[in-house]
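Colleague: I'd like to learn how to read chain contacts and domains in a model. Can we go through one together?

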Amino acid sequence: MFWQHTKLQELHLTQTQGVWRHQIWGYPIEDAAPGAELWVWFKPEVKDVDKTWADLVNAVSGLFCSSLNFLDAKSTVAPRWSFKPRGLTPESYAASSDSAAVELTQSLLLVVDATINNNRQQDWSLRKVFGQPLTSQCPLASSSRVFVDMTDNLEGKKFTLSPQPTQQQEFLRGGKHRQFSIYEVGEFTSIGKALNIAAQHESPVQYGMVSAPPVYAHRYITGYGLENGGISCHIFNTIDAYIPVVYMDTLPCLAPMSVTKVSFQFERAFLKWTEYPPDANHGFYINSAVISTILPTASHFTSLPLNASTIVQILNDSSTQFFLRLHTESLLVSLPTPDFSMPYNVICLACTVVAVAFGSVHNLTTRRFVLLDPATTKGLLARLKGLLSFRRKKAPQTPASEETESVNVKSSTEQKETNLPTVE
Amino acid sequence: MAAPLVYVTGFVGTLLRVLLFATDFPAWIRSRRELVTPITSWDRVQEGIALQKQRISPYAGDLFHETPLLLRLVRSADCIPGGSMTLFVFVDIVAGIILYKITQEFTRYELQRQAKEMANYSPQSKELLHTRKTLSSISIAVTLIHFLGPYSLCACLAQTTTVFSNLAVLFCWLFTLQGNVELCCFALAVATYQSLYPVIFLVPIAMHFFQQIEPKSPHFVSKAAFRSYTRVLLVFTVWLASLLGASFVLEGSWEFLRATYGFVLTVPDLSPNVGIFWYFFTEMFEHFRTFFICVFQINVFIFAVPLAIKLQEHPLLQLYIIMFEVCIFKSYPSYADTALALILLPLWQHIFRYMRNTLVVSTLYVVVGILAPILWHLWIYAASANANFYFAITLVFCSAQVFLIADVLYAFLRYEFDLLHGTDHRLPSKEKTRVVLE
């Protein structure tokens, strides 16, 4: 319902734990930012995007039981280049915006190092990795498949799968061959059998160097202390071709076999005490940078193209351009914090200084200088002085001026009754 | 007489600046929060220049808070050899020359006033009177503090844009002393245009010009007085309006008002400085924020009222005290403002003998100068102190300045009392007695 209410064209929500290491693992099927990322295309009729966005994040936040409502203007951007609507060319975008069809894609991405988890045994099975085999397929699904990438098998790292896959399929993408074994989950589970796919290696595998993917990035914080700092992002191009990339909204050109370094300085801000998060000293997260580019090669590329929804659709992908969107590491920046425990003290002390300034000017401008005449001064001052008994003790010893003497004489007579012992 | 020493000081000061610009010292000093505020930071000005070169409005973000005319002035400094450093050294030399002229004019003004008032003075106050000899040391002291004093030296090396508004204020002093209403109002308009607070200097300046017109016991609340005030106000308004209008024409929008004066008045940036605003509003409860911002801003201007009443015969001292209060209580103060206040302090050297807190105040200045960078390091880099440490040292600095200016006011009033009643205080009964505030 909120779908119609908020006039959405497209909504992508990813929630991630950990970081995807592009350099080592290649590209994931669905690239996601560390933490949570929500990106949305609104329909053109939305006038006040900011307000609609606020409504939307609160609705999504409720639906997914997450604190996405913190995605306010401070952590939101409106990128011009980096994000494109999926499956729609700009021409068809306006035309199909009225259609009521909704496509829902849900993906779960998991990285498991089976060898380490299995006491260095390279053989793996679904039961070993996930604790249990597949016992059923989703009742609503018309097709439920497991793909096992067998490409390495062609290169001599032999392993055999059990049970036998439903079919073997060769993918040709951008001139690169990939070999997949495909299991139709329904075929196995419908006859009451659990599907526990297992791989058995003929001999121990020596893992070799894995070539890095065509484009990847590494981002980090520079500097020390809480005053200034910087962010550096190295964008690596490992192939022999120029690749234009979109780094959020700047456009460096990646030269062949090169590293492009994007770095900028920042000055840490001093916030109000109410603007800090509950754990202020933990620091503030900085969203991952987004690198968008079109690769000329499909090496390491496993993502779905913009116009496909399932892997089968890309069996024979003859395209020569592959749109890639990478998320770099998100960063944690600590900011200088005030002392949260003493707002009252600070307010009192600062006001005291103001009061001292105001008070002394007030004092000097509203009073005037006069000669002190002890004969006429019978006021508070003399009485106060009289109260200070030490003055009276001192008075006879010091060859004081006439003024102090007379004050003391007068006050001692006044105070005789109250302070008898001292006088004696 | 004093001139050769002044020239030598000026030469040494200029040489020192040029030499220090060749070292790493300016780069370090440019990051000092005591000297550089978000408004006057040279780094931010460069950011503004870079944005302007890209044809992006420098006020589009929230980084740049200087005025459009100043931006164009410092941008044109690229054309001169040595660039901005030459500009800053040049500004300091001009300020030095203006200061020398101010002291000359001030000497003339004080001697004239003394001659006029002599009849009212007590015959026993001879030792308090100005002579050419006592006044001649002012110019040396002033130029010495300007060219070799640490505050003005560091302000120049840090390339804070405060030096430009300071220069405007100095021109304002000079033209006030020379009695030139139009130029004085222009200088004041430039200073106001640069940093907003000098607008309050209008009060003593208007009173001064009225005093010049009616030298014989003027009535400050009269038709003639208001006519004179209106004239000053009108000239000032015309100048200020033309400066703002020129900025509007150059920028093409009024956006700069929000980024400059809006920034000064609403204090959105709470990075530490030597003032009282930053930590106070960091720790302020949100629903009292607006109230206290109003209170603190009014506090800067409110001193003009009692001083205008009490010191109506002495508009120059009034101007000086208001200038000092502004430099303490403005929203983004720095050592560069203190530099201006301290440079002109020797003008009142005749009242120094009545000051009571000189030792305390001078010690506090030294302590703050040494401790502030240390406590900053402990808080920001070593993480062994927290914000309270730096706040404490800025409070000490504010207190020191408050003590100093209160002491100046006290000393002046006391000096005036002695001028009228003689230095030997006796009752009618010939008893010796003390002078107290009633």
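Modeller: Here's a short tour of the contacts, strand pairing and domains.

Modeller: This is a predicted model, where local features need pLDDT of at least 70, side-chain atom pairs count only at pLDDT 80 or more, and totals for chains, interfaces and linings use all residues. Residues are numbered from 1 along each chain as its sequence is written, with chains lettered from A and ligands numbered from 1 in the order in which they are written.

Colleague: How many residues does each chain bring to the contact?

Modeller: Two residues are in contact if their C-beta atoms, placed from the backbone, lie within 7 Å. Here chain A gives 35 residues and chain B gives 44.

Colleague: Which element supplies the largest share on the chain B side?

Modeller: Helices (H or I, at least four residues) and strands (E, at least two) are DSSP runs, numbered from the N terminus. On chain B's side, H19(B) leads with 13 residues.

Colleague: Which strand of chain A is joined to S1(B)?

Modeller: Strands pair if DSSP finds at least two bridges between them. Strand S19 (residues 369-371) of chain A has three bridges to S1(B), running antiparallel. Within that pairing, A:Phe369 sits opposite B:Leu437.

Colleague: And what domains does chain A have?

Modeller: Domain bounds come from an automatic or database domain assignment. For chain A that gives domain 1 (1-91 + 100-111), domain 2 (116-204) and domain 3 (215-333). The C-alpha centres of domains 2 and 3 of chain A are 32 Å apart. Their contact uses seven residues from domain 2 and 11 from domain 3.
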